[in-house]
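Work through these exercises with the model open beside you. Try each task before you read its solution.

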Amino acid sequence: MTPASARPIATLLCPALLGLILGAASGCATSADAPGETEDTSPARQTAFRARSDIGAGLNADRGWAGPTNQSVTLPVEAPFRLRFEVETPPDAPFVERFRLQYRRNGGAWRPVPAADFPYAPSEVTPRVSVVSAAYADRADAADLLDGSTASYAGGKGIALSGTGPALPDHGVQSEWAWPLVIRRYADGAVTNEPGDRFEFRLVDVKGRPLPAPATPEVTASVPPRLLGGTYPETPGRLGPWEASDGSLYFLMEPAESYNKLMTVKSTDGGRTWREVDGANRPVAGDLEGFASAVHDGTIHMLHQIDAGVLHHAFRTTDHPRTPDAWAVRDDTVATPGAPPVQVASVAARSDGSLVGVYGGPEHLHYSIRSPEGTWGDRKPISGGAGDARSGPQLARGADDTVHLAYTRRDGTAWYRRIRPDGRLTSPQRVSSSLGTAVTDVGSVLPLVHLPETNTTVLLYRRADGTLWARRADAEGRLSPPVQVTERAVAQSAADSDQVGADAVALGSSVHVLFIEAQTGSLYHTRSDERGSWAPATVQVDSVDAQWVRGQPVSKGTSSPTAYGYVYDAGSNGGSGMNWYNEVPVRRR
């Protein structure tokens, strides 16, 4: 939970200054931009380069190359790579103390390459391109791998997390230098690197003079299919991907952990490619920690809790008859309950267009109702007797616009209630007494699932031992006995989310669940049958350290859902660039 005073400095800088620091276009010319100016060059020279796509290869291994020596390459964004330079200092050249790495994008101005790790950057900046950590230690000895120079080899270094190298060897020798780099999809300021963007790299000496070279390294950016990039909201309810009737998909996220603004990204090709829509008008408030969304009549409504209060935003999809693909509501204050221990939010849209929002307070959860005309009512406490603070709310709309609510308490219990159409709250029913009791366990309840065919609501939750369990509430609110859903332990608060690493949706009479195995970080899927029995889990994504997952049914232009579409974080550790789209095909019964 990040108070405004502690937010990354990148969110507070003006756009022009941010562009100078991080490489975003600022509109300000530099001396290198002056027309007709000829640059002075360094007495040292670059004699060869080679790009390596295998970031895990040893510094001096002769494998994992992206192309031959002195050949430009195409490489994916959000995938670290390395550039290796061969440098020669002529016998009669003055001593060159040290040198730095620069880049330019699409023929623009040359800029220093800053150090910012991937996927998480403790430096609290996310540039377009940066030097990252490597499989070797910083300043590790580099062997002679390139053959552009015939001078005797005097050593070299592998650089990590620094844009500046050590001093060059003395005169008349050659050396080699390697830098690990990454090109981002989104960077601070929500600037975007597009497919086909060209990134050139060069070395300059301590006086800023470029090293002459027979060929300048150039990397053309590509965007892998199904990559969103960006950063997950920290403690999310439902985020999408929400599907419009034309098949367009919408997902809500941040561009970078150091620029935590709200953005809507859209795919028009079934999740293969994504880009932000109406970015010029995105909400002002950032810090997406307590955040959830729901859809009504072509509008995605969002509830967003920050320390200062609770906000409502809304975005119109292509299903909206007026001004589609545009922000409709931004930063509308719902309530100011005071800062909660953990920022949480959940929202449900009722059939008449009214909204029910639940959010945290210093001691209790609260709820507010927005009328169909757009006015938020007073906040009401979700009390129910003495006990530990309530948190982790999840909502689902059921029959007759009854809104089903589940939440947790710090004593390791989960509770179920209903918000009636007239706004009255039913008495609490205990769902479980077996949840964890740490702060990170407050989000142990999955998004609720309502099954219209049987008018039942499924409550899924994580016990302290890591397993998922389910209970069902019938039309009268009676709870069924608990049923075990998973044998594998499920991740909890994988990246400071205070939340279970799992998601659930309804598809026909079945409930589908995606969950992250705690031990491996692999993503699994299971489903229930009509009787509530659960199938053995099957792996969907392995060889990752998954940390978040949220999804929705997708129909792809058909009359009923054909897949469970979802977005997962493949291991950002709270950083950015690791959000991917995938689907579980649905076999309807």
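**Exercise 1.** Which residues line the largest cavity? Then sort them by class and by element.

Solution.
- Step 1. This is a predicted model. A search of the whole of it finds two cavities of 30 Å³ or more.
- Step 2. Take the largest cavity. Its volume is about 80 Å³.
- Step 3. List the lining: T235, P236, G237, V344, A345, G392, P393, Q394, G443, V445 and Q499.
- Step 4. Sort by class. Five of these residues are nonpolar, six are polar and none is charged. Glycine counts as polar here.
- Step 5. Sort by element. Strand 12 (235-236) and strand 25 each supply at least two residues. The largest share comes from strand 25, with three residues.

**Exercise 2.** Which residues line the second largest cavity, and which strand gives the most to that lining?

Solution.
- Step 1. Start with the volume. The second largest cavity has about 30 Å³.
- Step 2. List the lining: P236, S497, Q499, V500, G501, Q547, W548, V549 and R550.
- Step 3. Compare with the largest cavity. P236 and Q499 appear in both linings.
- Step 4. Find the main contributor. Strand 37 gives the most, with three residues.
- Step 5. Sort by class. The lining has four nonpolar residues, four polar and one charged. The charged one is R550, because Arg belongs to the charged class.

**Exercise 3.** Describe the largest pocket. How much space lies in it, and which residues are the closest to its centre?

Solution.
- Step 1. About 1,000 Å³ of space lies in the largest pocket.
- Step 2. Its lining has 34 residues, and the closest to the centre are W242, V295, R397, Q552 and P553.
- Step 3. Name the elements that give two or more residues to this lining. They are strand 13 (242-243), strand 17 (290-296), strand 21 (345-349), strand 25 (390-397), strand 29 (449-451), strand 33 (502-507) and strand 37 (548-554).
- Step 4. Sort by class. The lining divides into 19 nonpolar, nine polar and six charged residues.
- Step 5. Link back to the cavities. Strand 25 also serves the largest cavity. Strand 37 also serves the second largest cavity.

**Exercise 4.** Where in the chain do P119 and P241 lie, and what is the form of the peptide bond that leads into each?

Solution.
- Step 1. Place P119. It is in the loop between strand 5 (111-112) and strand 6 (129-131).
- Step 2. Check its bond. The peptide bond from F118 to P119 is cis, with omega near 0°.
- Step 3. Place P241. It is in the loop between strand 12 and strand 13.
- Step 4. Check that bond. From G240 to P241 the peptide bond is cis, again with omega near 0°.

**Exercise 5.** L161 and D297 have a positive phi. Is each one buried, partly exposed or exposed?

Solution.
- Step 1. Take L161. Its phi is about 55°, although it is not a glycine. It sits in the loop between strand 8 (152-158) and strand 9 (173-183).
- Step 2. Apply the cut-offs. Exposed means over 50% relative accessible area, and buried means under 20%. L161 has 40% relative accessibility, so it counts as partly exposed.
- Step 3. Take D297. Its phi is near 50°, and it is not a glycine either. Its place is the loop between strand 17 and strand 18 (299-306).
- Step 4. Apply the cut-off again. D297 has 61% relative accessibility, so it counts as exposed.

Technical notes. Residues are numbered from 1 along each chain as its sequence is written. This is a predicted model: local features need pLDDT of at least 70, side-chain atom pairs count only at pLDDT 80 or more; totals for chains, interfaces and linings use all residues. Side-chain values use heavy atoms; hydrogens and water are left out. On a 1 Å grid over the protein atoms alone, a cavity is a set of points where a 1.4 Å probe fits but cannot get out, and a pocket is an open set with protein on both sides within 12 Å along at least five of seven lines; lining residues have an atom within 4 Å of a point. Grid points are joined across faces, edges and corners, and a volume is the space filled by probe spheres set on the points. Helices (H or I, at least four residues) and strands (E, at least two) are DSSP runs, numbered from the N terminus. Buried means under 20% relative accessible area, exposed over 50%, partly exposed in between (1.4 Å probe, protein chains only).
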